[in-house]
Amino acid sequence: MSAPSFTADQTSRRSTHRAPAPRRAARRKHSVARPRRSTVLTLLMGLTAVYALMPLAWLVINATKTQKSLLDSFGLWFSGEFALWDNISQTLTYDDGIFVRWFLNTLLYVVVGAGGATFLAVLGGYGLAKFDFAGKRAVFATVIGAVAVPATALAVPTFLMFSKMGLTNTPWAVIIPSLISPFGLYLMWVFAAEAIPTELLEAARVDGSGELRTFFQVALPLLTPGIVTVLLFTMVQTWNNYFLPVIMIKNPDWYPLTLGLNAWNQQASTAGGQPVFNLVITGSLLTIVPLIAAFLLLQRYWQSGLAAGSVKG
Amino acid sequence: MTAVTPITTGRRPPAGVSRSRRGRAGWVFVGPFMAVFALVFLAPIAYSLYLSFFRDQLVGGTSFVGLDNFQRAFEDEQFWAAVGRVLLFLVVQVPVMLGLALLIALALDSGRLYGKSFFRIAVFLPYAVPAVVATLMWGFIYGTRFGLVGNINEALGVSLPDPLSPSLVLASIGNIVTWEFIGYNMLIFYSALRVVPKSLYEAAEIDGAGEWRVITAVKIPAIRGALVIATIFSVIGSFQLFNEPSILQSLAPNAITTYFTPNLYTFTLSFSGRQQNYAATVSLVMGVVTMIIAYAVQLRGMRKEA
Amino acid sequence: MRTMTRRAMRGVGLLCAAALSLTACGSSDDDAAAEKTVRGSDLRAALKEGGSITVWAWEPTLKQVVSDFEKEYPKVKVKLVNAGTGNDQYTALQNAVQAGSGVPDVAQVEYYALGQFALGKSLEDLSRYGADEFKDDYSPGPWNSVTVDDAVYALPMDSGPMAMFYNKKVLDKHQIATPTTWDEYLEAARALHKADPKAYITNDTGDAGFTTSMIWQAGGTPFKTRDTEVTVDLAADKGVTAFTKVWQKLLDEDLLAPIESWSDEWYKGLADGTIATLSTGAWMPANFVSGVESASGDWRAAMLPQYEKGGEVSSENGGSSLALMKAGKNKDLAYAFNEYANHADGVQARIAGGAFPATSADLSSKTFLNTPFPYFGGQKANEIFARSASQVPEDWSYLPFQVYANSVFNDSVGKAYVSDTTLAEGLQQWQKAAVAYGNDQGFTVNK
């Protein structure tokens, strides 16, 4: 735990000892703004990367194994026949291709749930940042306070309520609760406060633009990077949502991927059930691949969004 | 005010125009969020509060019991043991995770790394892994027989302690949580650092400050807001610790009791034990405890700033 | 095989009458039991008219039963839903009952959990359909479990008479004789672990189901219920003391592999000889075939070791039933399905799929008993299982809140597996938790 702090310490010492090369200094004045690259620091970062990636490597390696060689080979290296493609096709076709159905369900939950959550957070964040109204100060306090109550115990009351409304066992039971992202609201609040000059809004109002029109035409374009950020966070949350669907959905046709994988995992502990650890592992891999792809694709937006949306003192 | 308000909001009361019209417009924007929020958070909490005054028995049915459930919660050793456990977790894991995340963010921000964007994405990737899958993977790594720990023991002829034994299991869970969320927090810090105005560095440099000095005197104070909010969300996350212990429980049932964390305890109460009324009570008490701690964190964060 | 046994079933008069003329029996049976005839024809009418029912079950062989049933009664649609295994499903069931919506028509409930649902008045009494006359059709263990006083709360679906499965290859290699008593078992455990420090006689990390089964075999009756008066005795009960005497030694000498059952390590251990024996229910062979494929031919089944030399006492482990939910919508159809699955043709389909039946006719049928198990080197393992089923003590009963009690088992007894706490101490702590819970739920426990 102390290693990285040593790193930072060391780099700082280095930077004080070594004056920036004159050529560099000519382009950029300051060593802090344009420092030399450090091999030591990179190596230490490498350790962190190994820590972050090792379990993922395990997942990838084991997705190439058959159920049999999974059980009798060393975990962090390939073994037996290379069964990745076979595993993938098995995963996609097992039990009448239910995995594909789960995948589509998850997609639905993410598009509507995370999309809706982002929309509500953007609206709310903008409202909090740019308007003064009665009860405003209480809003965030209430949100944080409510989030502090353990979700597990709220599950049963929520279930009973949803059940009375006839929402259990329908996609709505998963979607409606995922529409709330407190952190998204917070992020959009800060972001809107920074990214939208109040003068711009005033100008639009002077031109006679209504509040909603001003929002959609003036504010929304400026908020795009922040929206992408919140979208990514809510997507991850919805994609990985587990606890609530467990309670709300009892029909495998509406399972999201996480529930489906867990059901497959449990199959090993059922009398007469068939253990399919290889499919669980391959399914897990297939579950995270789309998210990783989304990260990489949206990386550019997402960073500028976070950058502007972060808190400044 | 019991929670964090972004520091930025204090800056500008929007000038002019009829305040009441603008006030209504404000609610038009915040209203949809709050409406759904009321449905999925406030209503269940209100319902829980209602439930907490009753008792439902297998024999005898439902009866009003006043504050009995609260009294029981305050005297419940298992509950407070669970609270103590997450407090310990909080005191150790949160600073370690946030500290590491901050150091990584500073390293990325320093511009002294080769392959910066690789590291940025690598450290963030675990956040994309569902807790179910993450725990599955770490369960393998922790295995003393066929897992990585077992492999190491065999290869080096050593005997590492079992990460899932009662004395180590909390640390092992801490490791999983750190692994999952370090990238998430790193990213929040990193992006906060990205917008610290360059002019601040310049001033410091002119004063002859070294990089370490710039970090402690300029960068960290500049991102205090991000630090405070990340801490508060981590505090809440620690108090609600559930997924990781719950999934690891199937591998270490004797080390992870059904009252290992407050959340696990309320889960057992309401799901295996059909004691929803008492579970609701425990949750409300837990919510209050969490809010007090979050408030303390915020007060401390704000005081520093002054 | 299916048609043949169907004919065989026809030969059993009682079974036929009891089958309520669902499929196999002709109309002449209707006269035999006048009162039932009405019900039988009601069911037939319902089946003819059609409709749809929802069944919550995780038992894999029901899939085949559902498709056969739908083929036979094209107008009936059965929605088979896996709502989770064991406790997960009970939780969902309890939630649905409480919410008053989304309750299935039929639900799979393990024997140990039936009491809790029956007491909660969530289950339909099947004697209304004449199921109270099925007593002789099922082996005694399961039948006792589904009946409370005169009410029948479910039809037994399968059963788990216990047997000891052992890895013959491993025991032979170390020249260890198959243990027939628990004392011999202890000796075998020592010899095996000494010969190969990596091998263990079995795995155990504390399992409520196994522990209660062991106490059951030892003649224990730690749980007694009369109306709402419950006694829990996990201290002086003779079954408890007999069990802890053996098991504490295995624990003290580190002779039990600390491998969690059903984990991938466990499957590995069963395959590679790390775990040499497994004492469990007769439903296990299907899991061996699908999960421990590579050890095919290594394993055999034997009678459960005895507490007393020459004894002939066995026990039940696991097994479940199908119950009708009171809040279900289509009860007649639901019952018709239940009976088809557990008292008529469905039984054969399920046996063919690897399930172990609870029906006495099948347990004594020559075809069944003579079935060779290629996995067990051609052994006729059903002979052993059927014998075991007939040796189960009948005076056993679970707690009316066993689901909860089992869920907190590892909090207390689990300590015996990871610390200096003894099993006896752990069991007494478990008793304390059970007593407190029972009293809190309105029972009168140990008072």
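1. Start at Gly157(B). This glycine follows helix H6 of chain B, and its phi is positive, near 65°. H6(B) itself covers residues 148–156, and Leu148(B), Val149(B) and Gly150(B) are buried there. Part of the cover over the buried residues of H6(B) comes from helix H5 (131–142) of chain B. Bear in mind throughout that this is a predicted model.

2. Chain B overall. Chain B has 13 helices and two strands. Its C-alpha atoms fill a box of roughly 75 × 75 × 30 Å along the principal axes. The chain has 306 residues, and 56% of them count as buried. Take the contacts in chain B between residues at least 6 apart in sequence: 67% of these join residues at least 24 apart.

3. Record against model in chain B. An unreviewed UniProt entry places the feature "transmembrane region" at several spans of chain B, including 86–106 and 118–141. How much of residues 86–106 of chain B is helix? The span is 100% helix and 0% strand, with its end C-alpha atoms 28 Å apart. Residues 118–141 of chain B are 75% helix and 0% strand. The end C-alpha atoms of that second span lie 24 Å apart. The other spans in the record are 27–50, 168–190, 222–242 and 278–297 of chain B.

4. The largest nonpolar core. This core holds 193 residues. Which of its residues touch the most other members? They are Met188(A), Ala101(B), Ala105(B), Met186(B) and Phe189(B). Helix H3 (residues 77–110) of chain B gives the most to this core, with 17 residues. Within chain A, domain 1 (3–62) and domain 2 (84–309) both give residues to the core, so it lies between them.

5. Around Met188(A). Set aside neighbours within four places in sequence. Met188(A) is then in contact with Ala121(A), Val122(A), Gly124(A), Gly125(A) and Tyr126(A). Gly226(A) and Val230(A) are also in contact with Met188(A). Another core, of 142 residues, lies apart from the largest one. Among its residues are Val170(C), Ile259(C), Phe288(C) and Val292(C).

6. Confidence in chain A. The average pLDDT of chain A is 78, and 81% of the residues score at least 70. Where is confidence lowest in chain A, and where is it highest? The lowest is helix H1 (residues 3–17), at a mean of 33, and the highest is helix H8 (residues 171–178), at 92. Over residues 1–30 of chain A the pLDDT is below 50, and this stretch has 40 contacts in the model beyond near neighbours in sequence. A second stretch, residues 309–313 of chain A, also stays under 50. For residues 309–313 of chain A the model has 28 contacts beyond four places in sequence.

7. The contact between chains C and B. Here 28 residues of chain C are in contact with 21 residues of chain B. On the chain C side, helices H6 (87–99), H13 (264–272), H20 (402–407), H21 (409–412) and H22 (415–418) each supply at least two residues. The residues on that side divide into 10 nonpolar, 13 polar and five charged.

8. Tyr398(C). This tyrosine is found in the loop between helix H19 (381–390) and H20 of chain C. Is Tyr398(C) buried or exposed? Tyr398(C) is buried, because 22 other C-beta atoms lie within 10 Å, and the cut-off is 20 or more. Not counting residues up to four places away in sequence, Tyr398(C) touches Tyr112(C), Gly115(C) and Phe223(C). Tyr398(C) and Gly442(C) are 44 residues apart in sequence and 17 Å apart in space, C-alpha to C-alpha.

Key:
Residues are numbered from 1 along each chain as its sequence is written. Chains are lettered from A and ligands numbered from 1 in the order in which they are written. This is a predicted model: local features need pLDDT of at least 70, side-chain atom pairs count only at pLDDT 80 or more; totals for chains, interfaces and linings use all residues. Two residues are in contact if their C-beta atoms, placed from the backbone, lie within 7 Å. Helices (H or I, at least four residues) and strands (E, at least two) are DSSP runs, numbered from the N terminus. Ala, Val, Leu, Ile, Met, Phe, Trp, Tyr, Cys and Pro count as nonpolar, Asp, Glu, Lys and Arg as charged, and the others, Gly among them, as polar. pLDDT is the predictor's confidence in each residue, from 0 to 100. A nonpolar core is a set of buried Ala, Val, Leu, Ile, Met, Phe, Trp, Tyr and Cys residues joined through C-beta atoms within 7 Å. A residue is buried if 20 or more other C-beta atoms lie within 10 Å of its own, exposed if 12 or fewer, and partly exposed in between; C-beta atoms are placed from the backbone. Domain bounds come from an automatic or database domain assignment. UniProt positions are given in the numbering used here, feature names are shortened, and annotations may be inferred rather than shown by experiment.
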